[in-house]
Amino acid sequence: MCNLDMAYEAAGIEKGIEKGIAKGIEKGKFEELNDLVRKGIISIETAAETKGMTVEEFRRKVASLGL
């Protein structure tokens, strides 16, 4: 593999890592909000509003994340 190929590969790996971290952070935010809803600390309406979603959108997102 030439140096240019290795540089492109390294850049691709770095970009993939960055995307993975961002997805993990976003999932963590939903996990925290969902936990607060389950504990009765905040309403599902408040959690959805926090994320700029409707309640139904929030429920679908939580379900799609397997929470």
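The following exchange works through a predicted model of one chain, asking what backs each label.

Trainee: What makes up the chain, in secondary structure?
Mentor: The chain has 3 helices and 0 strands. From the N terminus, the order is α-α-α.

Trainee: Why is the chain called more spread out than a compact globule?
Mentor: Set its radius of gyration against the globule rule. The chain comes to 18 Å, and the rule gives 11 Å for 67 residues. The value is well over the rule, so the chain is more spread out than a compact globule. The box filled by the C-alpha atoms is roughly 55 × 20 × 20 Å along the principal axes.

Trainee: How much of the chain is buried?
Mentor: Buried residues make up 12% of the 67 residues. The accessible surface is about 5000 Å², and carbon and sulfur atoms hold 56% of it.

Trainee: How do you know that Asn 34 is buried?
Mentor: The cut-off for buried is under 20% relative accessible area. Asn 34 has 11%, so Asn 34 is buried. Its place is in helix α1. Beyond four places in sequence, Asn 34 touches Phe 58, Val 62 and Leu 67.

Trainee: And what makes Gly 52 exposed?
Mentor: Exposed requires over 50%. Gly 52 has 67% relative accessibility, so Gly 52 counts as exposed. Gly 52 sits in the loop between α2 (44-50) and α3 (55-64).

Trainee: How far is Gly 52 from Leu 33?
Mentor: The C-alpha atoms are 13 Å apart in space. In sequence, the two residues are 19 apart.

Trainee: Why can Phe 30, Leu 33, Ile 44, Ala 47, Ala 48, Phe 58 and Val 62 be called a nonpolar core?
Mentor: A nonpolar core needs buried residues of listed nonpolar types, joined through side-chain atoms within 4.5 Å. These 7 residues meet that definition, so they count as a core, the largest in the chain. The elements giving two or more residues to this core are α1 (3-38), α2 and α3. The largest share, 3 residues, comes from α2.

Trainee: What does Leu 33 touch?
Mentor: Leaving out residues up to four places away in sequence, Leu 33 touches Ile 42, Ala 47, Thr 50, Lys 51 and Phe 58. Of these, Ala 47 and Phe 58 also belong to the largest nonpolar core.

Trainee: How many charged side chains are there, and how far apart are the centres of the two sets?
Mentor: There are 11 positive and 12 negative side chains. The centres of the two sets lie 3 Å apart.

Technical notes:
Residues numbered from 1 in each chain as written. Predicted model: local features only at pLDDT ≥ 70, side-chain atom pairs only at ≥ 80, totals over all residues. Heavy atoms only, no water. Helix = DSSP H or I, 4+ residues; strand = E, 2+ residues; numbered from the N terminus. Rg over C-alpha atoms; globule rule 2.2 N^0.38 Å. Buried < 20%, exposed > 50% of the residue type's maximum accessible area, 1.4 Å probe, protein only. Areas by Shrake-Rupley, 256 points an atom, 1.4 Å probe, with all protein chains shown as cover. Lys, Arg positive; Asp, Glu negative; His and termini not counted. Charge placed at Lys NZ, Arg CZ, Asp CG, Glu CD. Contact = heavy atoms within 4.5 Å.
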